[in-house]
Every structure is written in structure tokens, then in C-alpha cells.
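Hi,

Here is the structure I promised to pass on. Have a look first, and my notes on what turned up are below.

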Amino acid sequence: MRKAKLLKTPRKSDVEATIDACLANASRLMDDALMLEFQERGGGRLAICMLAQEEYAKAFLLYIVREELLPWDTDLLRIMRSHACKHLLAIVMEYVSPDWETIEELQAKLRAEYDLGDRFPSRISSALNILYFEMIRRGNFFDDNEYEPDVLAVAIGERDRAKQDAIYIDVDKSCRVKNSPSDITRESAAIEYERASRYGSIVAGLLKPDAHEGLELRKVKDAMKVVFWQEYKPIASSG
């Protein structure tokens, strides 16, 4: 198990200023991505969009800090710098602000969530457990029998590799080109642009003075208050 060092709690005004800086930088990246919309190849645009997604995820993490759901310690600083961790946080972001198009779809999502009670959907449980038990407490050890395969893939860097492939030539063992940024299509870049836009909207909604706190967000907050603080505030045993 890793041993983190608890740091002095930052001032709320400093946390909020840093959130604003992350959002401003993400917005700048989105402006840059928009300028590349009509380029024939999508590699540069896709990479920029994924950088913006990571900045929005960082802003989400700092929102969690502002809400005092996570301890401000050396482990938190480490995961803030991890590309994989930010993409795991993005999975949680999508959960706390579910996407829906019709009232019937929204009602179905709510019914499914209430049926789970205090439990999380398996993808969200996987993301939260990897973040805490693997990335924070153990440091990068994965038991792939316990987690959803697509979430595990994110944790071991699949999304970050997609970003790298949009920038660099990848060479295989035979010294042949394995991946090239020229292979990235405009359509793939457009998907990542829409994803980044959604992340920006999610964070902006959470930061509103009258922000709506849905069932999913309440469950995440309750879980984080207990689990992520347990190194400093041990959970009392029932024995």
C-alpha cells in the first residue's frame, strides 16, 4: 500500500481560481480544435479535443476537492497528473450527468438507478474502485477479473494511446508503421469534440450556484466521503 502525505487544505478561493484556469484552458483548446474542423485529416483536432477533455476532468476533480469529498494529499496531486486517471474521472462525470433525449429515456435511467439502491452500475463501480484501490492505494496493480474490461482498458492507458496515435508515428517490431496520425478521420475527431463539449457542459452545470444534484451525484458524493477519506478517518467497524 502507498502512504500518502496529507497536505495543508487549500483555500476555497484558490481552488475556485484553479478550476477557472482549467476551464479557460480547456475553452482555448476547444477554440483551437474548432479552427481545425474542416481539415482533411483529423489527427491534430482529435488530440487537442482529448487534451480539453483532460482539462475538464481536472476541473471536475478540483470541484470534488472544493466539496471536501477528497483529501488534499500527495496521492491526489499524483492522480491529477495522470492521463489515465483523468479519463477514469471522465467516466464518473458522464454518470453524474447522464445523457438522455426523451422523457421516457430519462425515466428508464432513473428507475434503473433507484433499483440499484446504494450500489453503482458496474462500469462506475469499476472506475471508482480502480481510482481508489489501484491508482491511489496500490499504485497501478490491476486484477482484471474484478473490473469491466472497457474501464480497465481506460485505466491502463487506452484513451491516452489514442491521443498519442493522433500525434506520433507508431513503429512495430518489424520497423513498419503501425499507426499514423494521417489515419485519423474527421469523423473520429468530431466524436471527440462532441465528447469534450459535453464534459465542459457537465462541469459548468456543477459549478452553478443553483446546481441540480441528481441521484447519481449524491451517490458518488456519499461514497467518496466514506471511502476516499478512510486513510485519515478510518471507517468504524461494527464489531
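A word on labels before the pockets: helices here are DSSP runs of H or I with at least four residues, numbered from the N terminus. Keep in mind that this is a predicted model.

With that numbering, the largest pocket draws at least two lining residues from each of α5 (103-116), α9 (186-206) and α10 (215-227). The top contributor is α9, which puts six residues into that lining. The pocket's volume comes to about 510 Å³. It has 23 lining residues, and V96, S97, P98, H212 and G214 sit closest to the centre. Sorted by class, the lining of the largest pocket holds 10 nonpolar, six polar and seven charged residues.

Next, the second largest pocket, with about 250 Å³ of space. Its lining takes two or more residues from each of α4 (83-96), α5 and α6 (122-138). There are 14 lining residues, with E94, Y95, K109, P121 and I124 nearest the centre. The split here is six nonpolar, one polar and seven charged.

The other thing to look at is the pair at the start of the numbering. Helix α1 (residues 12-35) and helix α2 (residues 43-66) have axes that come within 9 Å and cross at roughly 165 degrees. An angle over 145 degrees counts as roughly antiparallel, so α1 is roughly antiparallel to α2. The crossing of α1 past α2 is left-handed. Their contact involves 17 nonpolar, three polar and seven charged residues.

Cheers

Notes: Residues numbered from 1 in each chain as written. Predicted model: local features only at pLDDT ≥ 70, side-chain atom pairs only at ≥ 80, totals over all residues. Heavy atoms only, no water. Axes fitted to C-alpha atoms, helices over the stretch in contact; angles between N-to-C directions. Parallel < 35°, antiparallel > 145°, perpendicular 65-115°, else oblique. Left-handed = near helix turned anticlockwise from the far one by under 90°. Nonpolar A, V, L, I, M, F, W, Y, C, P; charged D, E, K, R; others polar. 1 Å grid on protein atoms, 1.4 Å probe; cavity = no way out; pocket = protein on both sides within 12 Å on 5 of 7 lines; lining within 4 Å. Points joined across faces, edges and corners; volume = space filled by probe spheres on them.
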